[in-house]
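Hi everyone, thanks for coming. I'd like to walk you through one structure today, piece by piece, so have a look at it on the screen while I talk.

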Amino acid sequence: MTTKPKHHKTTKKDLLQLYRDMLLIRRFEEKAGQLYGMGLIAGFCHLYIGQEAVVVGIRDAMAEGDQMITSYRDHGHMLACGMSPRGVMAELTGRSGGYSRGKGGSMHMFSVEKQFFGGHGIVGAQVPLGAGLGLANKYKDNGQISVTFFGDGASNQGQVYEALNMAKLWDLPTLFIIENNQYAMGTSLARASAQTELYKRGESFGVKGIQVDGMDVLAVREAAKKAAKHARSGKGPLILEMMTYRYRGHSMSDPAKYRTREEVNEMREEHDPIDMVKARLLKEKWADLDDLKALDKEIKTIVNDAAEFAKTSPEPDPSELYTDVLLEVEA
Amino acid sequence: MAIDIQMPALSPTMEEGTLTKWLVKEGDSISSGDILAEIETDKATMEIETIDEGVVGKILISEGTQNVKVGTVILQLLEDGEGIDVLSAPASPEAVIEKVDEPIVLAPVETQSHQVIETVAPVEMDIPSGTAMIETSVRDALRDAMAEEMRKDDRVFIMGEEVAQYQGAYKVTRELLQEFGPKRVIDTPITEHGFAGIGVGAAMGGLKPIVEFMTWNFAMQAIDHIINSAAKTLYMSGGQMRCPIVFRGPNGAASRVGAQHSHDYSSWYANVPGLKVVAPYDAADAKGLLKAAILDPNPVVFLEHEMMYGEMHDVPDLENYIVPIGKALVRRVGSDVTIVSHSRMVGRALEAAEILATEGISAEVIDLRTLRPLDTDTVIASVKKTNRIVCAEEGWGQSGIGAEIATRVMEQAFDYLDAPPARVFQKDVPLPYAGNLEALSIPNAQDVVVAAKAVCYKD
């Protein structure tokens, strides 16, 4: 992170909302990590802690009806889309109250209502899917854009380039957001990528890319607004490379021995997306510590309620085993 | 000595073509590289060049002649100083045609598969009596199915390699671009993984894509999206996220194209819950089942057969002819042995049944038509009657469709069996290129005859 955060214009109302949205993700993920430790969440669980500014900033630049799709590190995206913390947490615990009624888990949740298209467990697979959502928008001429998130690891998948090529060839209304958190599981970007400036990855297809400080929610939002306007105007896709960082391991089972504690601490202390907004709120006198404490309490109540719901929601009925495999053919 | 120029084979599967236009006339001097004529095959119109030098002596096949067999002498070329008097009657084409793909038929029955169908007893389709039948190629039946559904529903579109301007690598999408335009008939780059994913995304976004793979062999690049993205999403989303999409294209062995282009994926896709898998045999089913597939709200894998594209069969002249997915068809009624098969192998099973009839064995032939969901009931009912079963398929045996059918028969009708189920399948090797080895590898009618006699304990 070499770029110095620019001082972006904002309002009290906007900044408080962004702060709140990021804090909800942070507290939700902390709770998910806790429930995982208690054995209430099983399997893979990829936490978004540290990266909150990316999805919150981008969601704020999207319009009603625009679609979002991402990888398996998806809890933050769902909350940013307005999906209910209860429904997401109950899916993590594999209960009937979850968004997929317990049949999807952490990596596989969807909401047609909120235009969230998953939650995909195969690295890079969401990229052509997201381009396909863009194709549907263009076909229907509905003025909407699709926004596809993927990581620095997925950036090396072949299908990403197939999708970039077709997205530009057909000028699909779609954005590609690379969440560069520096590590593809345990492999640092430099150890996996011959060319580490990921925003340049669309150059050979004529897809422009912009590198953005993904720890600065206002920088993210500003870049996303411009990019969304570009895509919506029929000029085709853009890449936004979000320079970000995850504080936790790749998944809950990852001890993250591939990086130093100093590196993590430096990011947390110097670049934390929530702390940076908090500082600005205090500096602008848009909030005082008591206000923020009250907000934190409110968020914790929401998260605790979600956790309680996720613990008490019944397991899916055994009859659910055989449902949702195929849809009935309408007569 | 004059040079005989023959009707060339312009594709691995071409047997005949139309001589649409001569670009030379008698008396012209020609040299190597000159274009002689335009020839239309079932797949494309192509120009043929000479590699010889001389004067065009005699044109033997006039412009516009259809069904000119490969190997027919179409032009005789005079070499330096020769007069027209040197020309004699050309050799007969039969002498030069090498039919590597025909099964080795030992019995005195040599019928084309579409003729066999005419001998079939009751057709279990709900076709009103008096319905006219139109002889249609499997290729055109598939095209008609897509065109009809595209006219009815503007969410239906087709994408794939060469589907639009080229009119289809196998001409299955012929004239769709002209009728529906480039928005709904979309040429893709050669990137199966990517465009399969884009198709699935478009389906999730509310459209009804038909994704054509030039062959299913290339879809192995895309199988992740077919299975992980399309088949599993409804379940993983607790029933929220629909994916109405058809993946279609030719499957299995064509002719002399080697191992990488000749893979039968029937059992691969039939293994996957969340998919429907269809493998039609004749033109009527190709049309009726493809329409059902496009209408289906689920992802459907539609396995065609390149060698069947040019076959002509009767298709009911009905406004909206739909064959339901999941129902097998008894194509020939018999009492001694049940032969179960799908796709092109159905034709071989019917040929086998003809041969067996001459030897006093009455075979019932079941065309599965759909591989998932598998119509076990029709098979079990037949076995309860015949007490014997042969499962015939073009793919490999291990974990194959026949293995599955045999297991279900043993689970559900064990006490009715008078012999262990028999299986006929491709030899357990990658498909060889050499004509003789390829013919040895792919099961033919005679293999089915041998298996049927074995389960009847007759040699």
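Let's start with a bit of vocabulary: two strands pair if DSSP finds at least two bridges between them. Keep in mind that what you see is a predicted model.

With that word in hand, look at chain B. Which strands form the open sheet there, and in what order? There are 5 of them, and the order reads β17-β19-β18-β21-β22, with mixed pairing. On the edges sit β17 (329–332) and β22 (422–426) of chain B, each of which pairs on one side only. Ignoring direction, neighbouring strands in this sheet are turned by 25 degrees against each other on average.

Zoom in on one pair. Strand β18 (residues 337–341) of chain B and strand β21 (residues 389–396) of chain B run parallel, and 3 bridges join them. If you want one to find on the screen, Thr338(B) has Ile389(B) as its bridge partner in β21(B).

Now, something packs on this sheet: helix α13 (residues 445–455) of chain B. The strands that α13 touches are β18, β19 (363–367), β21 and β22 of chain B. Compared with β22(B), the direction of the helix makes an angle of about 165 degrees.

Zooming back out, how is chain B split into domains? The assignment gives domain 1 (3–95), domain 2 (113–119 + 327–455) and domain 3 (133–316). Between the C-alpha centres of domain 1 and domain 2 of chain B there are 43 Å.

Over to chain A, and a pair of helices. Helix α4 (residues 85–92) and helix α11 (residues 289–312) of chain A pack at about 45 degrees, and their axes are 8 Å apart. That angle is why we call α4(A) oblique to α11(A). Their crossing is right-handed. On the α4(A) side, the contact residues include Pro85(A), Arg86(A) and Met89(A), while α11(A) brings, among others, Ile302(A), Val303(A) and Phe309(A). What kinds of residues make up this contact? They divide into 10 nonpolar, no polar and 2 charged.

Last stop: where the two chains meet. Here 34 residues of chain A are in contact with 35 residues of chain B. On the chain A side, the elements giving two or more residues are α5 (126–140) and α6 (158–169). The largest share, 10 residues, comes from α5(A). By class, that side of chain A has 19 nonpolar, 11 polar and 4 charged residues.

That's my tour, thanks for listening!

Notes
Residues numbered from 1 in each chain as written. Chains lettered and ligands numbered in written order. Predicted model: local features only at pLDDT ≥ 70, side-chain atom pairs only at ≥ 80, totals over all residues. Axes fitted to C-alpha atoms, helices over the stretch in contact; angles between N-to-C directions. Helix = DSSP H or I, 4+ residues; strand = E, 2+ residues; numbered from the N terminus. Parallel < 35°, antiparallel > 145°, perpendicular 65-115°, else oblique. Left-handed = near helix turned anticlockwise from the far one by under 90°. Contact = placed C-beta atoms within 7 Å. Nonpolar A, V, L, I, M, F, W, Y, C, P; charged D, E, K, R; others polar. Domains from an automatic or database assignment.
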